[in-house]
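Biologist: I am new to this structure and would be grateful for a close look at a single part of it. Please begin with one helix and its burial, and then go on to the cysteines and the aromatic rings.

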Amino acid sequence: MKKEVSLIFRGLTLHSPLVSVVLITRQHADSLRRCLDGILGQYTTFDTEIVVVDRGSTDETGDICQEYKAIYPEKVRFYTRVPGDFPENSRIIQLRGDFGIVCRDGEFWSDGLKLQRQGNFLMTHPGYDLCFHNIKGSYMPRMRSRDYSPGEITSGKLFRYYSPLFRLSGRHSSHHFSLYERVGGEIFARYSFRGKMRCLGDISSEMIPEKNTVGRIAHLPFMRDMPDWEG
């Protein structure tokens, strides 16, 4: 897929969209609008796309996703998964951005400049593969604002609990992020990287208090701690 040039930033050619936001949801009709509004309310100088996957919800989650897709047809892509739709280990989504980020369906991006600040960091620090931050209301340990190596924190914890913005392309040959479906309906992701990571201490988001947890299997059940994978 050929990308359109969005803008030139400090000699770098940035494409449109620059960032792909991945939101995978299930049974979160009560908080989904707030989550989507937080993503759509980001103030950025670059273009973004929002890729929403409904993991077979039986509440109003799918209707809400269709509503937002109709309002923002150029920005929101929506996929609904029915068991058996995809063969084992098939790639189901292709992200268009140069950077990617996974938003938890119970996470609210309360800082309207969160995505801009993370994007600015990766654009101005080509030696880093990703940057992340703490989420208020999460029970996970608070990470200090500093550099991290891949061995200090697992990819599963990063994607579940620390909202990382990561490269989908760049100077390394091993940038891969893929969403797959296995027989039985479980969606999982693989991401590999070799560069440095930075925790940005001046950025945060927050968890949305849950009203009902019946029928939910954590926020990111698709994300597994896996060894680096190269396609």
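Modeller: In this predicted model, the buried residues of helix 3 are K114, L115, Q116, Q118, G119, F121, L122 and M123. Helix 3 spans residues 114–124, and because eight of its eleven residues are buried, it is largely enclosed by the rest of the structure. An α-helix has 3.6 residues a turn, so residues three or four places apart point the same way.

The aromatic rings come next. The structure holds five aromatic pairs. One of them joins F132 and Y148, whose ring centres are 5.6 Å apart and whose planes meet at 55°, a tilted arrangement. This pair links distant parts of the chain, since F132 belongs to strand 9 (residues 128–136) and Y148 to strand 10 (residues 147–148), 16 residues apart. Both F132 and Y148 are buried.

F132 also pairs with Y162, and here the geometry is edge-to-face, with 5.9 Å from centre to centre and 70° between the planes. This second contact likewise links distant parts of the chain: F132 is in strand 9, while Y162 is in the loop between helix 4 (155–161) and strand 11 (165–167), 30 residues apart. Y162 is buried, as is F132. Together, F132, Y148 and Y162 form one aromatic cluster.

One ring of this cluster also has a charged neighbour: R146 lies over the face of Y148, at 3.9 Å from the ring centre. Elsewhere, R34 lies over the face of F108, at 4.4 Å from the ring centre.

The cysteines remain to be described. A disulfide is a covalent bond between the sulfur atoms of two cysteines. The structure holds zero disulfides. For C65, the closest cysteine sulfur is that of C35, and at 9.6 Å it is too far for a bond; the cut-off for a disulfide is a pair of sulfur atoms within 2.5 Å. C199 is likewise in no disulfide, and its nearest cysteine sulfur, in C131, is 9.5 Å away.

The accessibility of C65 and C199 completes this account. C65 has 2% relative accessibility and therefore counts as buried. C199 has 1% relative accessibility, so C199 also counts as buried. The threshold behind both statements is a relative accessible area under 20%.

Key. Residues are numbered from 1 along each chain as its sequence is written. This is a predicted model: local features need pLDDT of at least 70, side-chain atom pairs count only at pLDDT 80 or more; totals for chains, interfaces and linings use all residues. Side-chain values use heavy atoms; hydrogens and water are left out. Buried means under 20% relative accessible area, exposed over 50%, partly exposed in between (1.4 Å probe, protein chains only). Helices (H or I, at least four residues) and strands (E, at least two) are DSSP runs, numbered from the N terminus. Rings of Phe, Tyr and Trp (its six-membered ring) pair if their centres lie within 6.5 Å; planes under 30 degrees apart count as stacked, over 60 as edge-to-face and the rest as tilted. A charge sits over a ring if NZ of Lys or CZ of Arg is within 6 Å of the ring centre and within 35 degrees of the ring normal.
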